[in-house]
Amino acid sequence: MSSPKDETENAKLREKFTTPTNFKTRALFYNEADPCTDLENQLTEFVNSLFWVLESKRLERSREKLERVSLLLAPFEKKDFVGLDMDSRNNKKRCTGRMTKHLGDLCLQAGLLSESITYYHSAAETLKSVNDWLWLGAAFEGLCASSALVLYPNIQRNVSLHRNASLPEGSPKRTNSITPSVGTVRRDIINMLPPDEISKKYREAIIHYSKYQNAGIIETEASFKAARISVEQSHSLQAASFLQNVVFINLTLSEQEKIQRFETLSDLYVQIGFTRKAAFCQRLAATRHVSPQNPTPNWNKCYTLILQSFPGHKISLDPTEMCHDNQPSGWPALQIQLLQELVVAAKRMGHSALATRHMTFLLQTMWLHLSTSEQKEFAIQLQSLSSQCEGAPVPLVLDSGIVIPPANLSNVPVCLGFSLRNLQPHLQPRKIETFKQDIGPFLFTPIKFGTLERTNNKPQSKMDFLWVENDVCEVTLKLVNPLPLELKVSNMRLLTSGVVFESIPETVVLPSDTPTSLTLNGTPKESGELEILGYSTHTLGVKSNCRLRYMSNFLPSYSIEVIPILPTMEIKTSLPQSATFSSLQNFENVVTSASISLYNGESTECTITLTNNSHVPIEMIEVSIQSVLEASLQDQIFKWSQENLESQLPLMPNGTASLTLYLYSAANFLTSGFGPTELSSGVFGSSHGSSSIMSMSAGPSSLPSRLNSPVYSAMGSSFHGARRNELNSSFRSSNSGQSSMTTAGYRSPGALTLPQHATTAVVEGQLQLRYSGGAGFQAGYCRSCSIFITLEMLPCLQVTNWDVLPAETSSQFYLVLDIANMTSQEMELHYTPTKHMLIESHESCRIPVPVNRCPLSKLTKLYMDQNSITNNHLDLDKICSDHIANLVDLRWQLLSLNTKGKATLKGITLTPNMLDIVRMSPLNWEVSINGDFLKPQEEINCDAGDCLSVRIGISNSLEKPLQQLVLSVQFYQDHRNGTHNYKLETRVVIVGCAKKVLPILEPQSKAWHACSVLFLTPGQYKMDIKCCTPDHSTTNSSVVGASGHSWRYIPVVDVNVNI
Amino acid sequence: MAVCAAIIGKDNSPKYFTCINPDEELGFQYKVLSSLDVVEEKLNNGTKSGSDSRELYLGLLYSLERHKIYGYVTNTKIKFIIVIDSTNTSLRDNEVRSMFRKLHSIYADNVCNPFYIPDEPINSKSFDKSVKNIMSGA
C-alpha cells in the first residue's frame, strides 16, 4: 500500500478505479513509483482463494451420484440430442463418462494431477464404448495434459522470469521452483501416459475433434497444445505436423483471430527452429493485417511483422552485411517481393523516410537480381518516394526501438575507377636537397629481404606522391550509369579522414551506360596523413556515402601524405611563346616558353616576370639552365644574375620579381673548326680544295698560293721539309699582296667559297626555377617549374679560311681571314677600330687583321716547365688561339635590320708554322751583312764574286738558359715551283763555319757567329738562318736533329746576286 | 506429374527453380523455401542417428491443401524438391523416388559440364529441358 503522505492522492485514484458493486473483488492499488512490497503475498492469497473455489466445486461434484447426473453438453450439441432417448443405457453411460471427464477437469484445475489422470482414464474407457467421439477426444486431451504436466512441469516456462529490481528480495519463492520435486515423486502414477504416447493420444483426440465441424476451435487449440508438448519433447517434425494441421482446420474466424493464429504458428515454428516457416506465417499475418476483408487495416503492425520475417528470409537490414558477406543463401525473388511489400507498408504507415530507406536498400542489395526493367522501375519509384522525404545516410530508429541502418546507393551510379591524381608537374613538391642513400656496395640485388612476396604489382593503398596543403587536389572517378535513363548525380564529394579536407561538390549528368570520367577536387587544410575513404553522392533523391571498403574491386581506402603549404608562382616572359616543344626530356613541368631568333654573335635580353599568386611569401628561388649543350657554351648563351634575383626576395603574396635573362647567340664562326676526322670527309675536303684552287687561279699571282689551314697540321712531321718551303713561299708572295688587301680587301668571285654547311641552328634550353617558402620550405620541400627557351641561331658571319702573315713590324702579324656574309642583308664589318668594310649578301671577302704577336710572357710557363712536354704543343696552340681570339674584335652590323653583333675567333686552330709567326720569338736576331744591320724584309744586292761577311747575333729573351743550340746558315734557291735547290756547292762558297754549337745561352746573354759567303754565279738566293735545339727526349745525344725545335730568322733573307 | 521442381544448394540458396505455371512461381518459392526447414530437421536427425548409408530420398516433407512437397538430398547436401498436385493420385512414392533419381543423374551430368561452375545458379537450357521432361513424367 502507498505511503501515508500520498493518502489524499490515493483517495482520488480509488474513486476513479472503484469496481462495480456486483464484483466480489478486492481492488489493490499500487502507486507507480512505489515498491510493491506485499504484491506477491496478495497474489498468493488470490491464487489460494481460486484454488479453494475450484476445490469446493470439485468436492461438490464428486459427492453427486454418477448415475444421477444430467448430460453435459457442448453448446453446439444441443440439437444433436433432440429426440433421443435420454434414459437408454447408452445415454446413461454417456452421462457418466462426460461427468467423469468433467471431474477430471476440475481435478486438473485444482492441481490434483493423479486424480485427474484417473478420472480421464476412466472417462475415456466409458466414452469409447458409447462412441461419443467429441468427449472421448476431450478425455484424451485431458489425459495428455495431465500426463504432460507431470512429466514436464516447466513446460513453456523455459524463459524464466527475471527478477526486476522492483521485486523485493525477501518475497516468497515462486511455485515453479518446488514443482520438480513433485514431478519426480509422481512418476509412478498409474494410467499416466509415457512421453511418446502423449502425442499419439493427441493425434487421436484431434482426429476425433475433426469429426465435428463446430469443434474447429478446440481442434486448433489441441493442435497448438500438442505442438507445444512436441516442442518440449524436441520432436520438431511432430510439432511441425501438428502445426501444419492447424492450417487445414476450416474455421470461420475474424481477421484478427486469423492474425493471432498465424502469429502463434510463427512463434511455435520459431521454437522448433523452422525460421523459414515462421517467416512465411509472419508474412501471412502481415498481409491479413491489411487485407481488404480487414475492417481495421493496420499498416504499422503489417510493417512490424514483415520486418520480423526478415531473418527467416536471410535479409539483414544492414546493406553492408547483405552485400559484403556475399552469402547468396537467401532467395532473391522472395526477398525482392518482401522488400517491396515493406516499402509499401512503410509508405502506407506514413513514414516516408522509412519507405525511401527500404527502397534504397532494395536497389542496393538486390541490384544484381533485378532485371533491367525492374531496375528502372524501382529507380523511378525511389525517385518519387524520395521526393516526399529525402534519403540520408543516417540510421533511422523506429518507435519499437529497432534501428534501421543507413543504405547507400553505390550501384547507381557504378564506380569503375577511383584513383588519386598527382599534382600537376610544375606544382609537385620536391625535396630541396636529395641526399644520396647509402645502399651499400651492391647497387642491385634480386633478393628481397624480409619478405616472401615477390610480386610488387599489387595496388598500393599508400600513394607514392605528395599533396600540398591548400592546393587543389584531384581524384578521378570513372562512373557508369546503369539505368536506361539519364541520371543526375549532384553534390559529389570525397569522404576522408585524417587531416581536414575541404571537398568541392560536383554535379554530373550521366548518360545511360556510358563510362564517364569525373574529377573530384578538394583542398587539404592541414598537413599530415590523409585517408580517402570513398565519395558521397546525391542521386534519385538519396544521399549516399559510398565507401570503398564496401565496394568490390577497390582497396578499402587510399592514404596520402599532405605536406605543409608551399607558394605558387606565375611566370611570364617578354618574348613570344614558342610554337612547339622539342623532345627535350623532362619538360612536363614547363609552364611557359619563349622563343627568339638571333644572328650569330647577336645578344638580347629576356625579362622574366615572376608573380607570387599564393598567400605564402616565396623565400627561395633557384635558377638553373638545362640543355644538351656543353656547360661552357651553355654559360655563354644563357646568362642571368642570381644576386639580383635574390635581392628581390622574399617575394610577398601578389608581389612580382623580375629576372633578366641575357641571351647570346654564341656560335662557331670558324668553318674549319672541326676535328680531323670531319675534315677528311669528302665534301669538306673537296670544297676546301676547290676554294684553294680558285684563290690560286683567280687571285693575283702574288697571293699566297695556299692558305694554310689546319688540314696540314694534322699531317705528320714527314712533311716538314715541304712545309718549310711553302711557308717561305707564302711569306714571300704576300709581300706584294698585302698592300692591296689592306686597302680594299679581296672579294672572291662567286659563292663557291661559301661554306655549304652553315645552316640555322636551334638551341633549346629549360630555365628551371626552384622556389619555396612558408611552412613547406621549413619542411624541406620546394616546387620546380621551368621556362622552355627556343633560340634560333641564324648564320651571319663565317670565317671560311685563315692564315697568318708576318707584318712589317716584328711586334705584329697579320691574320688574314676569309669572311663570308651568310645573311641576305648587306653587312658592315668592323674589323679594327678604324677599318670597316661592306660585304654583300652571300658574298665573301678576305680581310687582314693586324694582331700583336703573342708575347713571350704568356708562354714562359711552357718554356720554364721543361718536364711536361707531352701537351706542350697543345698548350701552346691554345694560348696562341686565345690570344688571337681576345685581340681580334670583329663587329658586324646588318644595316637594314639594324642588328649588331660580335664575332669571335674562339677556337681558331693554328699549325706549328703559324705558331712561330703568331708568337714572339724567344731569340732576338741581329744579322749584319758586311757590317750593316739587316732591316726586316730588306734584300741584299751584291755581285757575283763578292764576299759577304755575315754576322749573326742571337740573344736569349727567355728567363732561362737555352742549351745545346745549333746556329746554322744555309743558302738555297727557290725555283718557285715548289722545289728548292739546296745543292749549291758550285755556286756558293761559305767561308767559315756554317754551323755553330752553343752549349748554353744564358738569359739576356748574346752569342755571336760570323762567316763569309762568296756567290760564284749570279742569281736569286735565299739565306735561311736558324737556330735549333735538340729534341728534349734525346737530351744527351749531341745530334742536332730536325726533331728539335728550331727558330728561324724571319723573313728569310733574299740575296740577289748580280753579274 | 510434378508442378514444380527446385534444386537448392548446400547453403540453402536456390540454384534452379522451375514450375509449370510461371505465374505461380513466387508462391511455389515460398512453399519450397518453407519446406527447407523440414529438410534441415530431417538431416539433423539423420546425422544424430549416425547412419552412414543415409537414404537420399526424404519422402514427403509436408502436404498442403493443394500440393505435396517431396524432398531428396544428395550426399553433398544439394537438395532437390519436387512439388506435386495433391489431386494427382497416380503418383506414388515410388514414382516420386524415381523422378528424384533422374533429377539427380541429370544434375550430376550438369555438374560434369566443365563450363558450369559448381554452386552457381544453373542456366543451362538443355538442363531445363530435361527437368521439364522429368516433371511431365516422360
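Which residue of β4(B) stands opposite Leu60(B)? Tyr70(B) does. That pair is the way into this note on a predicted model.

1. **The β3–β4 pairing in chain B.** Strand β3 covers residues 57–63 of chain B. Its pairing with β4(B) is antiparallel and runs over five bridges. Leu60(B) and Tyr70(B) face each other across this pairing. The turn between β3(B) and β4(B) is a hairpin of three residues.

2. **The β4–β5 pairing.** Strand β4(B) also pairs with β5(B), residues 79–85, again in the antiparallel sense. Seven bridges hold this register. Within it, Lys68(B) has Ile84(B) of β5(B) as its bridge partner. Five residues lie between the strands of this hairpin. One of them deserves a look: Lys77(B) takes a positive phi near 65°.

3. **How covered is β4(B)?** Strand β4 spans residues 67–73 of chain B, and six of its seven residues are buried. The strand is therefore largely enclosed by the rest of the structure. "Buried" here means under 20% relative accessible area.

4. **Chain B as a whole.** Chain B holds three helices and five strands. Read from the N terminus, the order is β-β-α-β-β-β-α-α. Of its 138 residues, 49% count as buried. Chain B exposes about 6800 Å², and carbon and sulfur atoms supply 50% of that area. Take the contacts in chain B between residues at least 6 apart in sequence: 53% of them join residues at least 24 apart.

5. **An open sheet in chain A.** Four strands line up as β26-β25-β28-β29 in chain A, with antiparallel pairing. The edges are β26 (836–839) and β29 (899–903), each of which pairs on one side only. From one strand to the next, the twist averages 25°. As general background, strands of a sheet pair through backbone hydrogen bonds, either parallel or antiparallel.

6. **The β28–β29 pairing.** Strand β28 of chain A covers residues 890–894. Five bridges join β28(A) to the edge strand β29(A), and the two run antiparallel. To check the register, start at Arg891(A): its bridge partner in β29(A) is Lys902(A).

7. **A salt bridge between the chains.** The search of the whole structure gives 21 salt bridges over all chains. One to inspect is Arg276(A) with Asp37(B), where the closest N and O atoms are 2.9 Å apart. This pair crosses between chains, from helix α11 (residues 275–289) of chain A to helix α1 (residues 25–49) of chain B. Are the two residues buried or exposed? Both Arg276(A) and Asp37(B) are buried.

8. **A salt bridge inside helix α2 of chain A.** Arg58(A) and Glu55(A) meet through their side chains at 2.8 Å, N to O. Why are they about one helical turn apart? Because they sit three residues apart in helix α2 of chain A. Arg58(A) counts as buried because its relative accessibility is 12%. Glu55(A) is also at 12%, so it counts as buried. The general principle is simple: side chains of opposite charge can pair when their charged atoms come close.

9. **A salt bridge inside helix α3 of chain B.** Asp128(B) and Lys132(B) form a salt bridge at 3.6 Å, N to O. Both lie in helix α3 (residues 125–135) of chain B, four residues apart, about one turn of the helix. Asp128(B) is partly exposed at 26% relative accessibility. Lys132(B) is partly exposed too, with a relative accessible area of 33%.

10. **A charged network.** Some salt bridges share partners. Glu255(A), Lys258(A) and Arg288(A) are joined into one network in this way.

11. **A nonpolar surface patch.** Which residues form the nonpolar patch on the surface? They are Leu43(A), Phe46(A), Val47(A) and Leu50(A), with about 380 Å² of accessible area together. Leu43(A) is found in helix α2 of chain A, which covers residues 39–63. Leu43(A) has a relative accessible area of 46%, so it is partly exposed.

Definitions and conventions: Residues are numbered from 1 along each chain as its sequence is written. Chains are lettered from A and ligands numbered from 1 in the order in which they are written. This is a predicted model: local features need pLDDT of at least 70, side-chain atom pairs count only at pLDDT 80 or more; totals for chains, interfaces and linings use all residues. Side-chain values use heavy atoms; hydrogens and water are left out. Patches are made of residues with over 30% relative accessible area and no salt bridge: like charges are joined within 9 Å, nonpolar side chains (Val, Leu, Ile, Met, Phe, Trp, Tyr) within 5 Å. Accessible areas come from the Shrake-Rupley method with a 1.4 Å probe; for residues, only the protein chains shown count as cover. A salt bridge is a side-chain nitrogen of Lys or Arg within 4 Å of a carboxyl oxygen of Asp or Glu. Buried means under 20% relative accessible area, exposed over 50%, partly exposed in between (1.4 Å probe, protein chains only). Two strands pair if DSSP finds at least two bridges between them. Axes are lines fitted to C-alpha atoms, for helices over the stretch in contact, and angles run from 0 to 180 degrees between N-to-C directions. Contact means heavy atoms within 4.5 Å.
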